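The following exercises are to be worked through with the model open beside the text. Try each task before reading the solution below it.

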2 protein chains.
Amino acid sequence: MADDEKTIAFVLYPGLTLLDLAGPLQVLSVLAHSGLGYRAVVVGERAGAVDTDTPLGIAPSHTFAEVPHPFAIVVPGGAAPTLRALGDERLLTYLREASATAEWTTSVCTGSLLLGAAGLLDGKRATTHWMYREILRGFGAVPVAERWVEDTPVITAAGVAAGIDMALYLVGRLAGDEVARNIQFTIEYDPEPPLGGLDWDLAPQVASHLGEGLKYGLADNPDMLARLLPYA
Amino acid sequence: MADDEKTIAFVLYPGLTLLDLAGPLQVLSVLAHSGLGYRAVVVGERAGAVDTDTPLGIAPSHTFAEVPHPFAIVVPGGAAPTLRALGDERLLTYLREASATAEWTTSVCTGSLLLGAAGLLDGKRATTHWMYREILRGFGAVPVAERWVEDTPVITAAGVAAGIDMALYLVGRLAGDEVARNIQFTIEYDPEPPLGGLDWDLAPQVASHLGEGLKYGLADNPDMLARLLPYA
(Lines give C-alpha, C1' and ligand atoms only; values in the text may rest on other atoms or scores of the structure.)
Protein backbone atom coordinates (compact mmCIF):
# COMPACT_ATOMS: atom_id res chain seq x y z
CA MET A 1 0.00 0.00 0.00
CA ALA A 2 1.05 3.57 -0.55
CA ASP A 3 1.62 5.39 2.73
CA ASP A 4 -0.84 8.08 1.79
CA GLU A 5 -3.70 5.73 0.99
CA LYS A 6 -6.84 6.18 3.04
CA THR A 7 -7.85 2.88 4.61
CA ILE A 8 -11.51 1.90 4.94
CA ALA A 9 -11.74 -0.85 7.55
CA PHE A 10 -14.70 -3.24 7.62
CA VAL A 11 -15.07 -4.72 11.09
CA LEU A 12 -15.64 -8.49 11.25
CA TYR A 13 -16.94 -10.48 14.22
CA PRO A 14 -18.51 -13.95 14.50
CA GLY A 15 -22.07 -14.46 13.35
CA LEU A 16 -22.61 -11.15 11.57
CA THR A 17 -25.17 -10.77 8.78
CA LEU A 18 -23.27 -11.42 5.56
CA LEU A 19 -25.00 -8.86 3.35
CA ASP A 20 -24.48 -6.07 5.92
CA LEU A 21 -20.78 -6.53 5.25
CA ALA A 22 -20.76 -7.61 1.61
CA GLY A 23 -22.90 -4.80 0.17
CA PRO A 24 -20.75 -1.85 1.29
CA LEU A 25 -17.56 -3.91 0.96
CA GLN A 26 -18.31 -4.49 -2.72
CA VAL A 27 -19.00 -0.79 -3.30
CA LEU A 28 -15.91 0.42 -1.48
CA SER A 29 -13.68 -2.29 -2.98
CA VAL A 30 -14.56 -0.92 -6.40
CA LEU A 31 -13.60 2.54 -5.09
CA ALA A 32 -10.33 1.04 -3.85
CA HIS A 33 -9.64 -0.31 -7.36
CA SER A 34 -10.30 3.10 -8.91
CA GLY A 35 -6.86 4.58 -8.32
CA LEU A 36 -8.18 7.42 -6.17
CA GLY A 37 -6.07 6.72 -3.08
CA TYR A 38 -8.39 4.49 -1.08
CA ARG A 39 -7.89 0.92 0.05
CA ALA A 40 -10.34 -1.46 1.69
CA VAL A 41 -9.45 -3.98 4.41
CA VAL A 42 -11.46 -6.35 6.58
CA VAL A 43 -10.28 -6.40 10.19
CA GLY A 44 -10.95 -9.05 12.81
CA GLU A 45 -9.72 -9.58 16.33
CA ARG A 46 -7.58 -12.43 14.99
CA ALA A 47 -6.78 -14.10 11.66
CA GLY A 48 -8.86 -17.03 10.42
CA ALA A 49 -12.41 -17.67 9.30
CA VAL A 50 -15.50 -17.08 11.41
CA ASP A 51 -19.14 -17.99 10.85
CA THR A 52 -21.84 -15.72 9.44
CA ASP A 53 -25.62 -16.00 9.61
CA THR A 54 -25.37 -17.92 6.30
CA PRO A 55 -23.45 -21.14 5.49
CA LEU A 56 -20.51 -19.02 4.28
CA GLY A 57 -17.41 -18.69 6.46
CA ILE A 58 -15.50 -15.41 6.17
CA ALA A 59 -11.91 -14.44 6.91
CA PRO A 60 -10.47 -10.97 7.55
CA SER A 61 -7.49 -9.57 5.66
CA HIS A 62 -5.99 -7.95 8.78
CA THR A 63 -6.23 -7.96 12.56
CA PHE A 64 -7.42 -5.05 14.67
CA ALA A 65 -3.81 -4.53 15.85
CA GLU A 66 -2.60 -4.17 12.25
CA VAL A 67 -5.02 -1.35 11.41
CA PRO A 68 -5.20 0.87 14.50
CA HIS A 69 -5.92 4.14 12.69
CA PRO A 70 -8.11 3.64 9.62
CA PHE A 71 -9.52 6.59 7.70
CA ALA A 72 -13.02 5.14 8.06
CA ILE A 73 -14.69 2.18 9.72
CA VAL A 74 -17.79 0.28 8.60
CA VAL A 75 -19.51 -1.87 11.23
CA PRO A 76 -21.99 -4.51 10.04
CA GLY A 77 -24.84 -5.80 12.16
CA GLY A 78 -26.71 -9.02 12.71
CA ALA A 79 -29.19 -10.68 15.05
CA ALA A 80 -28.34 -12.55 18.29
CA PRO A 81 -24.57 -12.67 17.57
CA THR A 82 -24.50 -8.87 17.32
CA LEU A 83 -26.36 -8.58 20.63
CA ARG A 84 -23.76 -10.91 22.15
CA ALA A 85 -21.00 -8.73 20.64
CA LEU A 86 -22.34 -5.79 22.67
CA GLY A 87 -20.41 -7.42 25.54
CA ASP A 88 -17.20 -8.00 23.54
CA GLU A 89 -14.81 -5.52 25.16
CA ARG A 90 -12.00 -6.13 22.65
CA LEU A 91 -14.35 -5.29 19.80
CA LEU A 92 -15.79 -2.23 21.55
CA THR A 93 -12.30 -0.99 22.43
CA TYR A 94 -11.28 -1.27 18.79
CA LEU A 95 -14.35 0.65 17.67
CA ARG A 96 -13.70 3.37 20.26
CA GLU A 97 -10.00 3.75 19.47
CA ALA A 98 -10.33 3.51 15.69
CA SER A 99 -13.23 5.96 15.67
CA ALA A 100 -11.26 8.46 17.76
CA THR A 101 -8.87 9.09 14.85
CA ALA A 102 -11.06 8.10 11.89
CA GLU A 103 -12.68 10.71 9.69
CA TRP A 104 -15.80 8.57 9.25
CA THR A 105 -17.50 6.08 11.56
CA THR A 106 -20.26 4.14 9.83
CA SER A 107 -22.55 1.20 10.43
CA VAL A 108 -25.12 -1.00 8.71
CA CYS A 109 -28.22 -2.43 10.38
CA THR A 110 -27.67 -3.31 14.06
CA GLY A 111 -24.02 -2.38 13.66
CA SER A 112 -25.21 0.94 15.09
CA LEU A 113 -25.96 -0.84 18.38
CA LEU A 114 -22.26 -1.69 18.54
CA LEU A 115 -21.39 1.96 17.94
CA GLY A 116 -23.85 2.80 20.72
CA ALA A 117 -22.31 0.30 23.13
CA ALA A 118 -18.90 1.84 22.35
CA GLY A 119 -20.29 5.23 23.44
CA LEU A 120 -20.19 6.71 19.94
CA LEU A 121 -23.87 7.61 19.45
CA ASP A 122 -24.60 9.75 22.51
CA GLY A 123 -26.76 12.66 21.34
CA LYS A 124 -26.46 11.58 17.71
CA ARG A 125 -29.26 11.15 15.18
CA ALA A 126 -28.96 7.56 14.00
CA THR A 127 -30.77 4.63 12.44
CA THR A 128 -30.62 0.82 12.39
CA HIS A 129 -32.73 -2.15 11.26
CA TRP A 130 -36.39 -1.09 11.50
CA MET A 131 -37.16 -3.71 14.16
CA TYR A 132 -34.49 -2.33 16.50
CA ARG A 133 -34.89 1.39 15.88
CA GLU A 134 -36.26 2.45 19.28
CA ILE A 135 -33.52 0.47 21.01
CA LEU A 136 -31.07 3.19 19.94
CA ARG A 137 -32.51 5.36 22.73
CA GLY A 138 -30.75 3.08 25.22
CA PHE A 139 -27.47 4.54 23.93
CA GLY A 140 -28.59 8.17 24.10
CA ALA A 141 -29.15 8.33 20.34
CA VAL A 142 -32.11 9.91 18.57
CA PRO A 143 -33.68 7.27 16.28
CA VAL A 144 -34.49 8.41 12.75
CA ALA A 145 -36.54 6.42 10.21
CA GLU A 146 -34.39 7.11 7.16
CA ARG A 147 -32.44 4.88 4.77
CA TRP A 148 -29.20 6.31 6.12
CA VAL A 149 -28.46 9.14 8.57
CA GLU A 150 -25.38 11.34 8.56
CA ASP A 151 -24.61 13.08 11.85
CA THR A 152 -21.03 13.91 10.99
CA PRO A 153 -18.69 12.09 11.39
CA VAL A 154 -21.10 9.21 11.96
CA ILE A 155 -23.25 7.64 9.23
CA THR A 156 -25.65 4.88 10.19
CA ALA A 157 -27.69 2.85 7.70
CA ALA A 158 -31.01 1.05 8.09
CA GLY A 159 -31.23 -2.75 7.89
CA VAL A 160 -29.04 -5.09 5.83
CA ALA A 161 -29.55 -4.01 2.19
CA ALA A 162 -29.44 -0.33 3.20
CA GLY A 163 -25.69 -0.69 3.48
CA ILE A 164 -25.44 -0.57 -0.32
CA ASP A 165 -27.24 2.79 -0.46
CA MET A 166 -25.18 4.16 2.43
CA ALA A 167 -21.91 3.06 0.83
CA LEU A 168 -22.79 4.77 -2.46
CA TYR A 169 -23.66 7.90 -0.50
CA LEU A 170 -20.29 7.71 1.26
CA VAL A 171 -18.51 7.35 -2.10
CA GLY A 172 -20.32 10.48 -3.27
CA ARG A 173 -19.10 12.34 -0.17
CA LEU A 174 -15.52 11.11 -0.65
CA ALA A 175 -15.07 11.15 -4.41
CA GLY A 176 -18.10 12.84 -5.96
CA ASP A 177 -21.19 11.76 -7.82
CA GLU A 178 -19.48 10.71 -11.05
CA VAL A 179 -17.38 8.12 -9.24
CA ALA A 180 -20.42 6.95 -7.29
CA ARG A 181 -22.40 6.59 -10.52
CA ASN A 182 -19.65 4.60 -12.21
CA ILE A 183 -19.53 2.22 -9.24
CA GLN A 184 -23.30 1.90 -9.43
CA PHE A 185 -22.92 0.82 -13.07
CA THR A 186 -20.12 -1.61 -12.16
CA ILE A 187 -22.34 -3.39 -9.64
CA GLU A 188 -25.42 -2.89 -11.88
CA TYR A 189 -27.38 -1.50 -8.94
CA ASP A 190 -30.66 -0.72 -10.68
CA PRO A 191 -33.01 -2.37 -8.20
CA GLU A 192 -36.21 -4.10 -9.30
CA PRO A 193 -37.64 -5.80 -6.21
CA PRO A 194 -40.14 -8.29 -7.70
CA LEU A 195 -42.88 -7.12 -5.31
CA GLY A 196 -41.83 -3.44 -5.42
CA GLY A 197 -40.51 -1.41 -2.49
CA LEU A 198 -41.59 -2.16 1.07
CA ASP A 199 -45.16 -1.29 2.02
CA TRP A 200 -44.83 -0.67 5.74
CA ASP A 201 -48.53 -1.37 6.26
CA LEU A 202 -47.64 -4.99 5.48
CA ALA A 203 -44.69 -5.22 7.90
CA PRO A 204 -44.65 -8.35 10.06
CA GLN A 205 -45.84 -7.66 13.61
CA VAL A 206 -42.69 -8.15 15.64
CA ALA A 207 -43.16 -6.06 18.78
CA SER A 208 -43.49 -9.07 21.05
CA HIS A 209 -40.56 -10.86 19.39
CA LEU A 210 -38.11 -8.02 19.99
CA GLY A 211 -38.16 -8.33 23.77
CA GLU A 212 -37.69 -12.10 23.49
CA GLY A 213 -34.84 -11.55 21.04
CA LEU A 214 -33.09 -9.17 23.41
CA LYS A 215 -33.47 -11.60 26.33
CA TYR A 216 -32.03 -14.40 24.21
CA GLY A 217 -29.13 -12.45 22.70
CA LEU A 218 -28.25 -10.65 25.94
CA ALA A 219 -28.67 -13.62 28.32
CA ASP A 220 -25.04 -13.21 29.44
CA ASN A 221 -25.16 -9.41 29.62
CA PRO A 222 -27.84 -8.42 32.18
CA ASP A 223 -26.66 -4.82 32.46
CA MET A 224 -27.09 -4.26 28.71
CA LEU A 225 -30.42 -6.08 28.76
CA ALA A 226 -31.67 -3.78 31.53
CA ARG A 227 -30.50 -0.79 29.51
CA LEU A 228 -32.23 -1.77 26.26
CA LEU A 229 -35.31 -3.75 27.29
CA PRO A 230 -37.35 -0.67 28.26
CA TYR A 231 -37.31 0.38 24.59
CA ALA A 232 -38.42 -3.01 23.18
CA MET B 1 -30.57 -31.95 7.93
CA ALA B 2 -33.86 -33.66 7.36
CA ASP B 3 -33.71 -36.10 4.45
CA ASP B 4 -36.55 -34.39 2.69
CA GLU B 5 -35.02 -30.90 2.78
CA LYS B 6 -34.43 -29.23 -0.54
CA THR B 7 -30.82 -28.10 -0.81
CA ILE B 8 -29.92 -24.83 -2.53
CA ALA B 9 -26.22 -24.97 -3.38
CA PHE B 10 -24.21 -21.77 -3.96
CA VAL B 11 -21.16 -22.52 -6.06
CA LEU B 12 -17.88 -21.02 -4.84
CA TYR B 13 -14.67 -20.59 -6.85
CA PRO B 14 -11.60 -18.37 -6.39
CA GLY B 15 -11.88 -14.67 -7.17
CA LEU B 16 -15.65 -14.43 -7.57
CA THR B 17 -17.49 -11.14 -7.00
CA LEU B 18 -18.56 -11.19 -3.37
CA LEU B 19 -21.94 -9.50 -3.74
CA ASP B 20 -22.97 -11.88 -6.57
CA LEU B 21 -22.82 -14.60 -3.96
CA ALA B 22 -23.79 -12.73 -0.79
CA GLY B 23 -27.00 -11.10 -2.05
CA PRO B 24 -28.87 -14.28 -3.05
CA LEU B 25 -27.19 -16.26 -0.26
CA GLN B 26 -28.64 -13.86 2.31
CA VAL B 27 -32.11 -14.10 0.79
CA LEU B 28 -32.12 -17.88 0.54
CA SER B 29 -30.53 -18.34 3.97
CA VAL B 30 -33.51 -16.52 5.45
CA LEU B 31 -35.74 -18.90 3.48
CA ALA B 32 -33.73 -21.82 4.91
CA HIS B 33 -34.39 -20.48 8.44
CA SER B 34 -38.10 -20.22 7.77
CA GLY B 35 -38.99 -23.84 8.49
CA LEU B 36 -40.33 -24.49 4.99
CA GLY B 37 -38.06 -27.43 4.12
CA TYR B 38 -35.17 -25.67 2.40
CA ARG B 39 -31.53 -25.54 3.38
CA ALA B 40 -28.70 -23.44 1.91
CA VAL B 41 -25.13 -24.64 1.47
CA VAL B 42 -22.02 -23.18 -0.15
CA VAL B 43 -20.07 -25.72 -2.18
CA GLY B 44 -16.46 -25.51 -3.32
CA GLU B 45 -14.15 -27.94 -5.03
CA ARG B 46 -12.36 -28.35 -1.69
CA ALA B 47 -12.63 -27.11 1.89
CA GLY B 48 -10.82 -23.94 2.99
CA ALA B 49 -10.96 -20.25 2.25
CA VAL B 50 -10.47 -18.68 -1.19
CA ASP B 51 -10.08 -15.07 -2.27
CA THR B 52 -12.83 -12.84 -3.62
CA ASP B 53 -12.60 -9.60 -5.59
CA THR B 54 -12.68 -7.83 -2.20
CA PRO B 55 -10.31 -8.16 0.79
CA LEU B 56 -12.65 -10.78 2.30
CA GLY B 57 -11.71 -14.45 2.17
CA ILE B 58 -14.61 -16.91 1.96
CA ALA B 59 -14.96 -20.57 2.86
CA PRO B 60 -17.54 -23.10 1.64
CA SER B 61 -19.64 -25.22 3.99
CA HIS B 62 -19.35 -28.33 1.79
CA THR B 63 -17.39 -29.76 -1.13
CA PHE B 64 -18.81 -30.51 -4.57
CA ALA B 65 -18.54 -34.22 -3.78
CA GLU B 66 -20.67 -33.83 -0.65
CA VAL B 67 -23.59 -32.21 -2.52
CA PRO B 68 -23.88 -34.04 -5.85
CA HIS B 69 -27.64 -33.61 -6.31
CA PRO B 70 -28.86 -30.27 -4.97
CA PHE B 71 -32.42 -29.10 -5.55
CA ALA B 72 -31.09 -25.84 -7.02
CA ILE B 73 -27.75 -24.26 -7.82
CA VAL B 74 -26.80 -20.58 -7.80
CA VAL B 75 -23.65 -19.62 -9.71
CA PRO B 76 -22.08 -16.23 -8.98
CA GLY B 77 -19.95 -14.33 -11.47
CA GLY B 78 -16.97 -12.04 -11.46
CA ALA B 79 -14.42 -10.45 -13.76
CA ALA B 80 -11.10 -12.03 -14.90
CA PRO B 81 -11.28 -14.90 -12.34
CA THR B 82 -14.65 -15.96 -13.76
CA LEU B 83 -13.23 -15.89 -17.30
CA ARG B 84 -10.38 -18.09 -16.05
CA ALA B 85 -12.93 -20.42 -14.44
CA LEU B 86 -14.43 -21.01 -17.92
CA GLY B 87 -11.49 -23.41 -18.31
CA ASP B 88 -11.95 -25.13 -14.93
CA GLU B 89 -13.15 -28.59 -15.95
CA ARG B 90 -13.86 -29.73 -12.37
CA LEU B 91 -16.13 -26.73 -11.85
CA LEU B 92 -17.87 -27.16 -15.22
CA THR B 93 -18.37 -30.88 -14.58
CA TYR B 94 -19.99 -30.09 -11.23
CA LEU B 95 -22.31 -27.55 -12.86
CA ARG B 96 -23.27 -30.01 -15.59
CA GLU B 97 -23.89 -32.94 -13.24
CA ALA B 98 -25.66 -30.95 -10.53
CA SER B 99 -27.84 -29.18 -13.09
CA ALA B 100 -28.84 -32.50 -14.68
CA THR B 101 -30.82 -33.48 -11.56
CA ALA B 102 -31.58 -30.03 -10.10
CA GLU B 103 -35.00 -28.46 -10.44
CA TRP B 104 -33.48 -24.99 -10.83
CA THR B 105 -30.19 -23.80 -12.33
CA THR B 106 -29.53 -20.13 -11.65
CA SER B 107 -26.76 -17.58 -12.03
CA VAL B 108 -25.86 -14.01 -11.15
CA CYS B 109 -23.87 -11.67 -13.38
CA THR B 110 -21.19 -13.48 -15.43
CA GLY B 111 -22.08 -16.68 -13.62
CA SER B 112 -24.20 -17.24 -16.72
CA LEU B 113 -21.00 -17.52 -18.78
CA LEU B 114 -20.07 -20.49 -16.59
CA LEU B 115 -23.48 -22.03 -17.28
CA GLY B 116 -22.83 -21.39 -20.97
CA ALA B 117 -19.40 -23.00 -20.87
CA ALA B 118 -21.00 -26.03 -19.19
CA GLY B 119 -23.37 -26.29 -22.17
CA LEU B 120 -26.46 -25.32 -20.19
CA LEU B 121 -27.59 -22.24 -22.13
CA ASP B 122 -27.85 -23.56 -25.68
CA GLY B 123 -31.00 -22.06 -27.20
CA LYS B 124 -31.96 -20.43 -23.90
CA ARG B 125 -32.98 -16.83 -23.31
CA ALA B 126 -30.51 -15.51 -20.74
CA THR B 127 -28.89 -12.43 -19.27
CA THR B 128 -25.66 -11.43 -17.51
CA HIS B 129 -23.77 -8.27 -16.50
CA TRP B 130 -24.67 -5.57 -19.03
CA MET B 131 -21.06 -5.29 -20.27
CA TYR B 132 -20.95 -8.98 -21.20
CA ARG B 133 -24.46 -9.46 -22.56
CA GLU B 134 -23.64 -10.07 -26.23
CA ILE B 135 -20.96 -12.58 -25.22
CA LEU B 136 -23.76 -15.00 -24.33
CA ARG B 137 -24.22 -15.61 -28.07
CA GLY B 138 -20.92 -17.52 -28.00
CA PHE B 139 -22.74 -20.19 -25.97
CA GLY B 140 -25.77 -20.38 -28.25
CA ALA B 141 -27.89 -18.32 -25.84
CA VAL B 142 -30.24 -15.49 -26.76
CA PRO B 143 -29.22 -12.39 -24.76
CA VAL B 144 -32.05 -10.50 -23.07
CA ALA B 145 -31.74 -7.08 -21.41
CA GLU B 146 -33.85 -7.80 -18.33
CA ARG B 147 -33.14 -7.78 -14.60
CA TRP B 148 -33.57 -11.55 -14.54
CA VAL B 149 -34.69 -14.05 -17.16
CA GLU B 150 -36.48 -17.32 -16.51
CA ASP B 151 -36.23 -19.91 -19.27
CA THR B 152 -37.31 -22.84 -17.14
CA PRO B 153 -35.47 -24.48 -15.45
CA VAL B 154 -32.77 -21.82 -15.85
CA ILE B 155 -32.92 -18.36 -14.28
CA THR B 156 -30.11 -15.92 -15.05
CA ALA B 157 -29.73 -12.50 -13.40
CA ALA B 158 -28.12 -9.31 -14.65
CA GLY B 159 -24.96 -7.90 -12.98
CA VAL B 160 -23.98 -8.22 -9.29
CA ALA B 161 -26.81 -6.53 -7.36
CA ALA B 162 -29.44 -8.13 -9.65
CA GLY B 163 -28.87 -11.35 -7.72
CA ILE B 164 -30.96 -9.96 -4.85
CA ASP B 165 -33.93 -9.35 -7.14
CA MET B 166 -33.54 -12.76 -8.79
CA ALA B 167 -33.34 -14.53 -5.43
CA LEU B 168 -36.53 -12.85 -4.20
CA TYR B 169 -38.21 -13.87 -7.45
CA LEU B 170 -37.04 -17.45 -6.91
CA VAL B 171 -38.43 -17.41 -3.36
CA GLY B 172 -41.75 -16.27 -4.80
CA ARG B 173 -41.70 -19.19 -7.24
CA LEU B 174 -40.79 -21.69 -4.49
CA ALA B 175 -42.78 -20.47 -1.51
CA GLY B 176 -45.12 -17.69 -2.67
CA ASP B 177 -45.25 -13.94 -2.44
CA GLU B 178 -45.99 -13.71 1.28
CA VAL B 179 -42.76 -15.52 2.16
CA ALA B 180 -40.84 -13.41 -0.36
CA ARG B 181 -42.28 -10.23 1.15
CA ASN B 182 -41.37 -11.27 4.70
CA ILE B 183 -37.80 -11.96 3.60
CA GLN B 184 -37.72 -8.57 1.90
CA PHE B 185 -38.67 -7.01 5.25
CA THR B 186 -36.06 -9.08 7.08
CA ILE B 187 -33.29 -7.75 4.85
CA GLU B 188 -34.96 -4.31 4.67
CA TYR B 189 -34.69 -4.31 0.90
CA ASP B 190 -36.35 -0.99 0.13
CA PRO B 191 -33.72 0.42 -2.22
CA GLU B 192 -32.89 4.14 -2.32
CA PRO B 193 -29.88 4.52 -4.60
CA PRO B 194 -28.61 8.02 -3.73
CA LEU B 195 -28.46 9.00 -7.42
CA GLY B 196 -31.60 7.08 -8.38
CA GLY B 197 -31.76 4.10 -10.73
CA LEU B 198 -29.31 3.69 -13.59
CA ASP B 199 -29.67 6.06 -16.53
CA TRP B 200 -28.25 3.99 -19.38
CA ASP B 201 -27.49 7.13 -21.36
CA LEU B 202 -24.78 7.77 -18.77
CA ALA B 203 -23.24 4.28 -18.92
CA PRO B 204 -19.43 4.22 -19.14
CA GLN B 205 -18.20 3.51 -22.67
CA VAL B 206 -16.67 0.09 -22.31
CA ALA B 207 -16.84 -1.50 -25.75
CA SER B 208 -13.08 -1.31 -26.31
CA HIS B 209 -12.35 -2.56 -22.79
CA LEU B 210 -14.37 -5.75 -23.18
CA GLY B 211 -12.15 -7.25 -25.87
CA GLU B 212 -9.07 -6.44 -23.78
CA GLY B 213 -10.73 -7.96 -20.73
CA LEU B 214 -11.47 -11.18 -22.58
CA LYS B 215 -7.90 -11.40 -23.88
CA TYR B 216 -6.56 -10.90 -20.36
CA GLY B 217 -8.94 -13.29 -18.59
CA LEU B 218 -8.75 -15.96 -21.30
CA ALA B 219 -4.99 -15.76 -21.98
CA ASP B 220 -4.66 -19.46 -21.09
CA ASN B 221 -7.80 -20.56 -22.95
CA PRO B 222 -7.39 -19.66 -26.64
CA ASP B 223 -10.30 -21.84 -27.77
CA MET B 224 -12.73 -20.03 -25.49
CA LEU B 225 -11.24 -16.67 -26.48
CA ALA B 226 -11.80 -17.47 -30.16
CA ARG B 227 -15.38 -18.48 -29.35
CA LEU B 228 -16.28 -15.31 -27.43
CA LEU B 229 -14.14 -12.54 -28.94
CA PRO B 230 -16.33 -12.12 -32.05
CA TYR B 231 -19.13 -10.87 -29.78
CA ALA B 232 -17.01 -8.33 -27.85
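**Exercise 1: a covered helix**

Task: Decide whether H5(B) is mostly covered or mostly open, and state how many of its 14 residues are buried.

Solution: H5(B) is mostly covered, since ten of its 14 residues are buried, where buried means under 20% relative accessible area, exposed over 50%, and partly exposed in between, with a 1.4 Å probe and protein chains only. This is a predicted model, in which local features need pLDDT of at least 70 and side-chain atom pairs count only at pLDDT 80 or more, while totals for chains, interfaces and linings use all residues. Residues are numbered from 1 along each chain as its sequence is written, chains are lettered from A and ligands numbered from 1 in the order in which they are written, and side-chain values use heavy atoms, with hydrogens and water left out.

Next, locate the helix: H5 of chain B covers residues 162-175, helices being DSSP runs of H or I with at least four residues and strands runs of E with at least two, numbered from the N terminus. From its first C-alpha to its last it reaches 20 Å, close to the 20 Å expected at 1.5 Å a residue, the expected span being 1.5 Å times one less than the number of residues. Among the buried residues are B:Ala162, B:Met166, B:Leu170 and B:Leu174. Finally, just after H5(B), B:Gly176 has a positive phi of about 95 degrees.

**Exercise 2: two sheets**

Task: Find which strands of chain B stand at the edges of the seven-stranded sheet.

Solution: Begin with the order of this open sheet, which is E5-E2-E1-E6-E7-E11-E10 in chain B, with mixed pairing; two strands pair if DSSP finds at least two bridges between them. E5 (62-63) and E10 (148-151) of chain B are the edge strands, each with a single partner strand, so one side of each has no neighbour in the sheet. Further in, E1 (residues 6-11) and E6 (residues 72-75) of chain B pair in the parallel sense over three bridges, and B:Phe10 has B:Val74 in E6(B) as its bridge partner.

Now compare an open sheet of three strands, ordered E3(A)-E4(B)-E3(B), with antiparallel pairing. Within it, E3(B) and E4 (residues 57-59) of chain B pair over two bridges, and B:Asp51 stands opposite B:Gly57.

**Exercise 3: two copies**

Task: What turn lays chain A on chain B?

Solution: A turn of 180 degrees, with a shift of 0.0 Å along the axis, gives an RMSD of 0.0 Å, the superposition being by least squares on C-alpha atoms of residues with pLDDT of at least 70 in both copies. The two copies are therefore related as by a two-fold rotation axis.
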